[in-house]
Amino acid sequence: MGALGHFLERQGIPTTGISLVREHTEVVRPPRALWVTFELGRPLGIPDDAGFQRRVAKAALDLLGRTDGPLIADYPEHIEEPADFTGWACPIGLAPASVESLSAEIDRLATWYDRAVEAQGRTTVGVSGLDMEAAGALVTGALDGALPPAQALKEALDDLRAYYLEAASAFPDPGTAATRKKWFWEETRLAQAMLALQPKLAASEDPQHRILGNLTMIPATERHRLG
């Protein structure tokens, strides 16, 4: 999108955007970008908080008045969610990651995901074009054999992560975004698969695999989990 911004600017159309990965933005150097510290997939910040999201969008749009680009402006607000996880637990009793297969874990979340979609009337799953069983098979294949194209793997992982977190939002006690995130990274087979994939991607000769492994697959807040 940053490269497209340069093309539009040459046609006299001012552009702006929101950056979630500063390293990428510094390389592409778009005409204007607002860098935010929110986790990947949440460019506007706090879910279901229209006021917060409006402030982020306004800050990005306000950059349209700047003519000193290429520029990256830092958004001043950060999200600090409460870390109290008391009384919250996954109701489906996932087996330890080393015991249950990724396919079985995906299957056991299906009912909760369907309930979440019914309640919300929407889903963010679908960018890969794969069903969740096929997306899981792609990830398992990447662990056990040759790596698939980086974009296909990224889209499958994005869909799977959204599937898991949306399913968790329909648990009897959905907790908070922070508890669901903690559950994902500490208790799921998918998160363990992603952490296991990281060194394989980072060591790949394909630069797109290395970008996925080193920058975009594991959020900065979770990279301490890497061995």
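This is a friendly dialogue on how to read some features of a predicted model.

Q: Where should I start: how many helices and strands does the protein have?
A: A count of the elements is a good first step. This protein has ten helices and three strands. Followed along the sequence, they come in the pattern α-β-α-β-α-β-α-α-α-α-α-α-α.

Q: What share of the residues counts as buried?
A: Of the 227 residues in the protein, 37% are counted as buried. You can also look at how far apart in sequence the touching residues lie. Taking contacts between residues at least 6 apart in sequence, 63% of them join residues at least 24 apart.

Q: Let us turn to the strands. In which order do they lie in the sheet?
A: To read a sheet, find the order of its strands and the sense of their pairing. Here three strands form an open sheet with the order β1-β2-β3, and the pairing is parallel. The edges are β1 (18–19) and β3 (71–74), each of which pairs on one side only.

Q: How many bridges join the strands, beginning with β1 and β2?
A: Two bridges link β1 to strand β2 (residues 32–35), in the parallel sense. If you want a pair to look for, Ser-19 lies opposite Trp-35 in β2. Between β2 and β3, which also run parallel, there are four bridges. There you can find Ala-33 opposite Ile-72 in β3.

Q: Which residues of β3 are on its covered face, and which on the uncovered one?
A: The general idea is that side chains in a regular strand alternate between the two faces of the sheet. In β3, Leu-71 and Ala-73 make up the covered face, while Ile-72 and Asp-74 make up the uncovered one.

Q: Now the loops. Where is Thr-15, and is this residue buried or exposed?
A: For a loop residue, place it between its elements, then check its accessibility and its contacts. Thr-15 sits in the loop between α1 (2–10) and β1. Its relative accessible area is 11%, so Thr-15 is buried, the cut-off being under 20%. Leaving out residues up to four places away in sequence, Thr-15 touches Gly-5, Leu-8, Glu-9, Pro-31, Arg-32 and Leu-64. Thr-15 and Gly-65 are 50 residues apart in sequence, and their C-alpha atoms are 10.0 Å apart in space.

Q: What does Val-21 touch?
A: Val-21 belongs to the loop between β1 and α2, and counts as buried at 13% relative accessibility. Residues up to four places away in sequence aside, Val-21 touches Trp-35, Leu-40 and Thr-216. The C-alpha atoms of Val-21 and Trp-35 are separated by 7.8 Å, with their positions 14 residues apart along the chain.

Q: Which loop holds Arg-29, and what is its phi?
A: Arg-29 lies in the loop between α2 (22–28) and β2. Its phi is positive, about 55°, although Arg-29 is not a glycine. With 48% relative accessibility, Arg-29 counts as partly exposed.

Q: And where is Arg-66?
A: Look in the loop between α3 (50–62) and β3. Arg-66 is partly exposed, at a relative accessible area of 35%. Neighbours within four places in sequence aside, Arg-66 is in contact with Arg-32 and Leu-71. From Arg-66 to Pro-14 the C-alpha distance is 9.5 Å, and the two are 52 residues apart in sequence.

Q: Last, the helices. At what angle do α7 and α9 pack?
A: For a helix pair, take the angle and the distance between the axes, then see who touches whom. Helix α7 (residues 150–168) and helix α9 (residues 189–202) pack at about 160°, their axes 11 Å apart. Angles over 145 degrees count as roughly antiparallel, so α7 and α9 are roughly antiparallel to each other. Their crossing is left-handed. On the α7 side, Leu-153, Leu-157, Leu-160, Arg-161 and Tyr-164 meet Leu-190, Met-194, Leu-197 and Leu-201 of α9. By class, this contact of α7 with α9 has eight nonpolar residues, no polar ones and one charged.

Q: How do α5 and α7 cross?
A: The axes of helix α5 (residues 110–120) and α7 cross at roughly 75° and come within 7 Å. The two helices are therefore roughly perpendicular to each other. Ala-110, Trp-112, Tyr-113, Ala-116 and Val-117 of α5 make the contact with Tyr-163, Glu-166 and Ala-167 of α7. Seven of these residues are nonpolar, none is polar and one is charged.

Technical notes: Residues numbered from 1 in each chain as written. Predicted model: local features only at pLDDT ≥ 70, side-chain atom pairs only at ≥ 80, totals over all residues. Heavy atoms only, no water. Axes fitted to C-alpha atoms, helices over the stretch in contact; angles between N-to-C directions. Parallel < 35°, antiparallel > 145°, perpendicular 65-115°, else oblique. Left-handed = near helix turned anticlockwise from the far one by under 90°. Contact = heavy atoms within 4.5 Å. Nonpolar A, V, L, I, M, F, W, Y, C, P; charged D, E, K, R; others polar. Pairing = 2+ DSSP bridges. Buried < 20%, exposed > 50% of the residue type's maximum accessible area, 1.4 Å probe, protein only.
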